[in-house]
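Trainee: I would like to learn how to read a model of this kind, feature by feature. Could we look at it together and begin with the ligands?

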Amino acid sequence: MAKKKSAYVVVFKVALWYSFILGGFAAYTNWLPQIRGDAPEAAEAIDVNNITPDELKVMGESIIFGSNDPLGVLAKGEGPIGKGQCPLCHRFFMEQKADRCPNLLALPKPDVDDPLLKLTEEARSHERVKESRYEEFKELHKDGEKNSGIVPHAETGGQYLIESEYCPNCFVVMGFGLKGTNDTVSPMPIINKPPILLADTEIVAVVSYLQTRDGDMNLWTAKDSWEEYWGRELVSEAGEEEEVAPVAAGPPVALGSETPEQIVQKMTCFACHKIPGISIATTGMIGPLLIEGTNSPNRIKSAEYKKAVKDGKAHATTARGYVIESIMDPGAFIVPGFADDMLKDFKHKFTVSGLDVLVDHLMAQTVETAIADGLDRLPNEKEGSILPPSGEAKLDTGKPLTNGAG
Ligand code: HEC
Ligand code: HEC
């Protein structure tokens with residue numbers, strides 16, 4: 001009897017899921033994920049004294065893209081995302097879809113007014129340290145930036161690129177800061193801290209790639225810049241392997257045999273979302289705090305969602321259906337206050353049972369579980385802070401900066 005019921009529930013869920021997401025059987029064959037082995041990547045044991053700049057560049061490329069043929073990976077319709085996670089948010093190639101995330105910072109952006117954004121990242125880095133806004137950030141963080149303890153002190157372009165990895169808040173590009181913070185808080189994670197946790201030598205490799213990706217090795221200063229910035233010698237870190245967060249290589253698939261924490265890590269949700277109950281997901285600032293026990297029932301009732309339904313974009317009729325739709329078809333409805341920045345290929349990356357495991361977890365999260373984990377909504381979330389009025393705001397947005405560029 002019980003067995004019969006659960007079989008029915010499964011069939012029903014699967015049917016519901018297909019009708020939400022796939023819009024018919026034809027899509028099913030396209031969707032079937034390819035299950036791959038995804039061995040965790042250990043830190044590269046880089047012997048910095050016995051390596052050429054060219055080799056560092058190649059290493060940086062594989063840390064960023066998980067491949068030394070990122071264009072080949074793109075051509076197969078997959079996202080080239082390595083353990084550094086940078087392409088989640090940064091566009092490196094014209095071939096990369098424009099709808100990925102907030103900015104094109106690693107690529108010249110010819111279609112904007114800002115003259116700095118028209119430059120390559122390497123050329124731009126030299127201009128950044130001369131901007132008067134950089135001086136304002138030095139003043140703002142003169143006692144040390146809150147999350148890294150760093151006082152902004154880059155003097156050259158190379159040092160600026162190094163600093164950007166260790167302290168994204170040390171200079172926030174205008175227009176790309178977290179909404180509601182007057183461009184004083186960056187949504188970029190600190191790259192040498194968990195969950196991305198690159199070693200110093202890996203950061204030097206990444207900066208080597210940024211400096212020389214256009215093929216001019218004369219632009220390379222990464223190792224010297226690191227040493228000037230920190231005032232000490234860069235040493236090889238072969239011993240750090242165990243500390244590095246194992247981030248799966250290649251396009252992984254979420255399985256029902258995994259825990260919500262493993263799925264969130266594999267699928268990189270943590271880079272953009274805070275999620276109660278997931279230890280690695282405490283800093284994401286691109287998307288909403290995922291408390292779907294609280295959010296999803298309100299979302300489907302909202303006027304904005306009803307409009308998306310009327311326009312034929314959104315289709316969920318239940319709270320759970322809303323969460324599934326948000327993951328499988330993120331463009332169906334854009335949460336007010338946010339941009340259409342979520343990755344679009346999760347529909348190829350979840351087995352049905354893997355999706356169930358994650359959605360169960362998200363649906364169990366509420367205002368209460370978030371408070372218990374010390375998490376709060378972002379300033380741009382329409383519903384506002386979840387902390388009681390007397391509570392200290394978790395996000396210190398610092399002293400407002402003037403908005404002038406020069
Ligand atoms: C979760 C999204 C996200 C990820 C992941 C991310 N970044 Fe960023 N990054 C941003 C945003 C947003 C900005 C602009 C705000 C700022 O200045 O901090 C930025 C700024 C930068 C800048 C300064 C750009 C400039 O023109 O001044 C550099 C350099 C940079 N990122 C490099 C990287 C590298 C290298 C990685 C991977 C190791 C990475 N980022 C990962 C979101 C991200
Ligand atoms: C590159 C950044 C990024 C990544 C990675 C990402 N998301 Fe999102 N997500 C967003 C943004 C931005 C929004 C809000 C805009 C929208 O509604 O699409 C969002 C919205 C959502 C919503 C709707 C939330 C609500 O309260 O209405 C859910 C659910 C969600 N994401 C789940 C996930 C899950 C699960 C993963 C990992 C499998 C994930 N996201 C990965 C950026 C991201």
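Mentor: Let us begin with ligand 2, which is surrounded by 31 residues, the closest being C269, C272, G287, N295 and M342. The elements that give two or more residues to that shell are helix 11 (292–301), helix 13 (319–328) and helix 14 (352–363). Please keep in mind throughout that this is a predicted model.

Trainee: How do the residues of the shell around ligand 2 divide into nonpolar, polar and charged?

Mentor: The shell around ligand 2 divides into 22 nonpolar, five polar and four charged residues. For ligand 1 the shell has 19 nonpolar, six polar and four charged residues.

Trainee: Which residues are the closest to ligand 1, and which domains give residues to its shell?

Mentor: Ligand 1 is surrounded by 29 residues, of which G84, C86, C89, S186 and M188 are the closest, and helix 5 (121–128) and helix 7 (157–166) each supply at least two residues of this shell. Because domain 1 (48–243) and domain 2 (254–372) both give residues to the shell around ligand 1, this ligand lies between them.

Trainee: Now to the fold as a whole: how many helices and strands are there in the protein?

Mentor: The protein has 15 helices and zero strands. Of its 406 residues, 42% count as buried, and among contacts between residues at least 6 apart in sequence, 58% join residues at least 24 apart.

Trainee: What should I look for in the interior, and which residues have the most contacts inside the largest nonpolar core?

Mentor: The general idea is that nonpolar side chains tend to be buried together in soluble globular proteins. In this model, the largest nonpolar core has 78 residues, and those with the most contacts inside it are A205, V206, V207 and V264. Two or more residues of this core come from each of helix 3 (53–65), helix 7, helix 8 (200–212), helix 9 (222–230), helix 10 (260–267), helix 13 and helix 14, with helix 8 giving the largest share, seven residues. This core lies between domain 1 (48–243) and domain 2 (254–372), because both give residues to it. As for V264, its contacts, not counting residues up to four places away in sequence, are C269, F270, I275, I278, I280 and A281.

Trainee: How do I read the burial pattern of a single helix, and which residues of helix 9 are buried?

Mentor: The general idea is that an α-helix has 3.6 residues a turn, so residues three or four places apart point the same way. In helix 9 the buried residues are A222, K223, S225, W226 and Y229. Seen down the axis of helix 9, these buried residues fall within an arc of 165 degrees, so they line one face of the helix. What covers them includes helix 3, helix 7 and helix 8, and just after helix 9 the residue G231 takes a positive phi of about 65 degrees.

Trainee: Where should I look for backbone geometry, and which residues are joined by a cis peptide bond?

Mentor: The cis peptide bond joins P194 and P195, with omega at about 0 degrees, and P195 is found in the loop between helix 7 and helix 8. N182 also has its place in the loop between helix 7 and helix 8, and its phi is near 55 degrees, a positive value in a residue other than glycine. D183 likewise has a positive phi of about 55 degrees although it is not a glycine. N182 counts as partly exposed because it has 17 C-beta neighbours inside 10 Å, while D183, with 18 other C-beta atoms within 10 Å, is partly exposed.

Trainee: Is Q365, in the loop between helix 14 and helix 15 (367–372), buried or exposed?

Mentor: Q365 is buried, because 24 other C-beta atoms lie within 10 Å. The C-alpha atoms of Q365 and N295 are separated by 9.2 Å, although the two residues are 70 apart along the chain. Leaving aside neighbours within four places in sequence, the contacts of Q365 include I275, P276, L290 and E292.

Trainee: And why does E145 count as buried?

Mentor: E145, in the loop between helix 6 (132–140) and helix 7, counts as buried because it has 20 C-beta neighbours inside 10 Å. E145 and N169 are 24 residues apart in sequence and 7.2 Å apart in space, C-alpha to C-alpha. Beyond its neighbours within four places in sequence, E145 is in contact with I150, C167, N169 and C170.

How values were computed. Residues numbered from 1 in each chain as written. Chains lettered and ligands numbered in written order. Predicted model: local features only at pLDDT ≥ 70, side-chain atom pairs only at ≥ 80, totals over all residues. Near = placed C-beta within 6 Å. Helix = DSSP H or I, 4+ residues; strand = E, 2+ residues; numbered from the N terminus. Nonpolar A, V, L, I, M, F, W, Y, C, P; charged D, E, K, R; others polar. Domains from an automatic or database assignment. Core = buried A, V, L, I, M, F, W, Y, C linked by C-beta atoms within 7 Å. Buried ≥ 20, exposed ≤ 12 C-beta atoms within 10 Å, placed from the backbone. Contact = placed C-beta atoms within 7 Å. Arc of directions from axis to C-beta.
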